[in-house]
Amino acid sequence: MTTDIRALPGAVIVERLSAWFGATPALHNIDVAIRPRSVTALIGPSGSGKSTLLRSINRLNDALPTARCTGRLLLDGENVYDDAMDVSTLRQQVGMVFQRSNPFPRSIVGNVAYGPRLNRGQSGRALDDTVEDALRRAALWDEVKDRLYDNALTLSVGQQQRLCIARALANRPSVLLLDEPTSALDPQATQRIEELLYDLQQELTIIIVTHNLHQAARVSRRTILLVDGVLVEEGATDRMFTRPSDSRTEAFITGRFG
Ligand SMILES: Nc1ncnc2c1ncn2[C@@H]1O[C@H](COP(=O)(O)OP(=O)(O)O)[C@@H](O)[C@H]1O
Ligand SMILES: [Mg+2]
């Protein structure tokens, strides 16, 4: 018996999603069901639409005046493009981390407390607990517990990236999107993030864009290959990397293009 992914809480269901920037197409009729409690890697050549697909999940492309899309994107049965969708709530539910860590220029605790204070009116002991919990889940607590009021910008780049993950986790998301989160990090800081994703997938739907195929193979259970805005192949990572069904997948993973 196969489980219906669509019925699982935290699943991200993409239905006939197309996207354009002005007249230029960026995504063509994407259909894919992304599993919860699992890391899915989004791979493909530069310009293939990886970031556009990722950013469509929390409607970040809405901010770009020329961007538009058609199709549906369902999260827990609701189309995130419904008029009734509250985009601020959506972005708490679907957290995002970028290539360049972008902590607010305020204290470590101030970064993590920002969301729960603003969105859930948390304060006092409850807020302290949320902050500690998010920092622990982002594997940063032990390194910062004695300097919580230091400016976040005094952290190393790798720590700043984990702080951005903690800031997203403090909003209690069900989905975490990461767009090349380790490409500015050294191997050691990269490994810490990869280990963290491995742990976090027990509770979250994680979608990571990476141009590093070794990283995709290490961290993900499923992989999606995009080429020129088209979904070429989706499947179990170990199978796709050893027995790809599409010749373009084979060409891409063996480095013949991209
Ligand atoms: N803000 C934008 N304005 C215009 N075109 C864009 C914008 N962002 C991306 N594009 C175009 O959309 C396509 C997909 O880009 P992107 O999703 O960033 O690819 P990837 O992340 O795979 O490198 C490319 O042709 C790119 O030039
Ligand atoms: Mg990109």
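This briefing walks through a ligand site, a pair of packed helices and two buried residues. The model is a predicted one, in which local features need pLDDT of at least 70 and side-chain atom pairs count only at pLDDT 80 or more, while totals for chains, interfaces and linings use all residues. Residues are numbered from 1 along each chain as its sequence is written, and chains are lettered from A and ligands numbered from 1 in the order in which they are written. Helices (H or I, at least four residues) and strands (E, at least two) are DSSP runs, numbered from the N terminus.

**Around ligand 1**

- The shell holds 13 residues, and Phe 21, Ala 26, Lys 50, Ser 51 and Thr 52 come nearest; a residue is near if its C-beta atom, placed from the backbone, lies within 6 Å of the molecule.
- At least two shell residues come from each of strand S2 (24–34) and helix H1 (50–57).
- H1 gives the most, with three residues.
- By class, the shell has nine polar, three nonpolar and one charged residue. Here Ala, Val, Leu, Ile, Met, Phe, Trp, Tyr, Cys and Pro count as nonpolar, Asp, Glu, Lys and Arg as charged, and the others, Gly among them, as polar.

**Helices H3 and H6**

- Two packed helices are described by the angle between their axes and the distance between the axes.
- For H3 (residues 108–120) and H6 (residues 157–169), the angle is about 30° and the axes are 7 Å apart. Axes are lines fitted to C-alpha atoms over the stretch in contact, and angles run from 0 to 180 degrees between N-to-C directions.
- H3 and H6 are therefore roughly parallel, a label for angles under 35 degrees.
- On the H3 side, the contact is made by Ile 108, Asn 111, Val 112, Tyr 114 and Gly 115, and H6 brings Leu 163, Ala 166 and Arg 167. Residues are in contact if their C-beta atoms, placed from the backbone, lie within 7 Å.
- This contact has five nonpolar, two polar and one charged residues.

**Two buried residues**

- Val 39 lies in strand S3 (residues 38–43) and is buried, with 25 other C-beta atoms within 10 Å. Buried means that 20 or more other C-beta atoms, placed from the backbone, lie within 10 Å of a residue's own.
- Beyond four places in sequence, Val 39 touches residues including Leu 197, Ile 206, Ile 208 and Val 219.
- Thr 182 sits in the loop between strand S7 (175–179) and helix H7 (187–200), and is buried too, with 23 other C-beta atoms within 10 Å.
- Apart from neighbours within four places in sequence, Thr 182 is in contact with Thr 190, Ile 193 and Gln 215.

Technical notes. Parallel < 35°, antiparallel > 145°, perpendicular 65-115°, else oblique. Contact = placed C-beta atoms within 7 Å. Buried ≥ 20, exposed ≤ 12 C-beta atoms within 10 Å, placed from the backbone.
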